[in-house]
Amino acid sequence: MRVLGIETSCDETGVAIYDSEEGLISEALYSQIDLHIEYGGVVPELASRDHIRKTIPLIKQVLVDSKKPIDAIAYTQGPGLMGALMVGAAIGRSLAMAWGVPALGIHHMEGHLLAPMLENPAPEFPFIALLVSGGHTQLVDVQGIGKYRLLGDSLDDAAGEAFDKAAKMLGLSYPGGPQVAKLASKGTPGRFKFPRPMTNRPGLDFSFSGLKTFTLNTIASERDKDNLDGQTRADIAYAFEEAVVDTLAIKCRRAIQQTGISSLIIAGGVSANRSLRKKLEEMVVDENARLYFPRPEYCTDNGVMIAFAGCQRLLAGETSGLQFSAQPRWPIDELKPAANV
Ligand code: KG4
Ligand code: ZN
């Protein structure tokens with residue numbers, strides 16, 4: 001089965017063609033970073049308008065590489081920005097009707113969660129998924145496609161959101177995660193010590209808003225001392241990243257110990273972070289477990305993960321019928337297992 005995938009949930013227009021027999025056929029991605037950078041974050045209305053401009057040209061581009069017809073279309077149905085989601089859903093559903101093929105709305109985080117399966121070796125079920133993106137920090141027990149049990153969730157800011165806010169405080173541009181990571185690589189270990197939120201009590205939930213306040217206070221106090229030079233900023237970025245990474249690693253270790261599941265996958269934008277990967281690599285060796293992650297370009301938003309997730313569910317006979325909807329809020333544990341997987 002050959003599936004066209006369309007991702008427009010936030011600030012990236014991603015489209016791809018994935019074939020169940022032949023694998024990835026083609027992909028195209030357009031990032032809106034330049035559009036939003038002057039506002040310091042994503043402006044939803046601008047995002048929607050840009051998806052309208054870019055989605056069809058990108059689809060035309062990937063179709064050139066597909067020598068065979070498309071059998072079905074998968075589009076991101078949620079969670080994400082309402083207007084942005086509507087663009088991909090409307091285009092996906094309409095094209096499917098015009099071509100006389102089935103269409104299916106896909107959960108964006110399920111796309112992220114299955115992305116490590118595009119790699120070789122691919123993880124096998126069951127596994128624990130750490131989903132770390134701009135909007136989510138979740139630990140999920142994954143028994144199969146659609147068989148998700150939420151083990152832990154963010155009570156306030158997501159990890160990516162915390163990175164983005166820390167970046168702003170440090171005078172860095174959007175999207176902040178990669179910028180903070182770059183600055184942190186020049187930081188001095190041990191100069192600042194940041195808290196590891198919620199690691200002293202049991203449970204697998206996350207909270208990063210206190211860390212954000214701690215960062216803000218540290219910056220203010222260094223500024224008061226007239227001490228906020230480039231090196232100090234780098235040292236603060238280092239301490240911040242180290243605290244987030246440590247906290248995530250502590251919770252992942254706990255999830256492995258609690259469930260007895262020995263495969264861990266990480267996915268979502270923050271999973272591109274090198275320090276996080278390194279820390280988790282060390283942790284899984286200790287726990288006799290294995291770590292899987294997507295290549296960096298499939299950590300952040302892309303059309304490939306939607307085409308892949310769509311292909312798995314469409315193969316199982318699932319379709320969305322003629323109606324379509326966009327779901328800005330959509331808890332991942334509301335998903336149902338694909339029909340026969
Ligand atoms: O998955 P994603 O592309 O979009 C959402 O679904 O939210 O994740 C974007 C998030 C942003 O907050 C961005 O700052 C963060 O992922 N991010 C990173 C890195 N690359 C992207 N955070 C830390 N380190 C990185 N290398
Ligand atoms: Zn995402």
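## Cis peptide bonds and an unusual backbone angle

In this predicted model, P79 sits in the loop that runs between β4 (72-78) and α3 (82-99), and the peptide bond leading into P79 from G78 is cis, with an omega near -15°. A cis peptide bond also joins N120 and P121, where omega is about 5°; P121 belongs to the loop between α4 and β6 (127-132).

Another backbone feature is found at M198, which has a positive phi of about 65° although M198 is not a glycine. This residue lies in the loop that connects α6 to α7 (209-224).

## The surroundings of ligand 1

The shell around ligand 1 holds 19 residues, of which G134, D164, G177, G269 and N273 come nearest. Sorted by class, this shell has 12 polar residues, 5 nonpolar residues and 2 charged residues. Three helices, α4 (108-114), α5 (159-169) and α6 (176-184), each supply at least two residues of the shell.

Oxygen atoms of ligand 1 have polar partners in both side chains and backbone: a polar side-chain atom of H112 lies 3.0 Å from an oxygen atom of the ligand, a polar backbone atom of G134 is 2.8 Å from a ligand oxygen atom, and a backbone N or O atom of G269 lies 3.0 Å from an oxygen atom of ligand 1. Taken alone, ligand 1 exposes 550 Å², and the protein buries 87% of that area.

## The second largest pocket

The second largest pocket has a volume of about 230 Å³. Its lining is made up of A184, S185, Y238, E241, E242, V245, D246, S275, K278, K279 and E282, and by class these residues divide into 6 charged, 3 nonpolar and 2 polar.

Two helices, α8 (230-259) and α9 (274-286), each supply at least two residues of this lining. The greatest contribution comes from α8, which gives 5 residues to the lining of the pocket.

## Helix α8 and the residue after it

Helix α8, which thus takes part in lining the second largest pocket, has 30 residues and reaches 43 Å from its first C-alpha to its last, a span close to the 44 Å expected at 1.5 Å a residue. The residue that follows α8 is G260, whose phi is positive, near 75°.

Notes
Residues are numbered from 1 along each chain as its sequence is written. Chains are lettered from A and ligands numbered from 1 in the order in which they are written. This is a predicted model: local features need pLDDT of at least 70, side-chain atom pairs count only at pLDDT 80 or more; totals for chains, interfaces and linings use all residues. Side-chain values use heavy atoms; hydrogens and water are left out. A residue is near a molecule or strand if one of its heavy atoms lies within 4 Å of it. A polar contact is a pair of N or O atoms within 3.5 Å; within protein, one must be able to donate a hydrogen and the other to accept it, and residues adjacent in sequence count only if both atoms are side-chain atoms. Accessible areas come from the Shrake-Rupley method with a 1.4 Å probe; for residues, only the protein chains shown count as cover. Helices (H or I, at least four residues) and strands (E, at least two) are DSSP runs, numbered from the N terminus. Ala, Val, Leu, Ile, Met, Phe, Trp, Tyr, Cys and Pro count as nonpolar, Asp, Glu, Lys and Arg as charged, and the others, Gly among them, as polar. On a 1 Å grid over the protein atoms alone, a cavity is a set of points where a 1.4 Å probe fits but cannot get out, and a pocket is an open set with protein on both sides within 12 Å along at least five of seven lines; lining residues have an atom within 4 Å of a point. Grid points are joined across faces, edges and corners, and a volume is the space filled by probe spheres set on the points. The expected span of a helix is 1.5 Å times one less than its number of residues.
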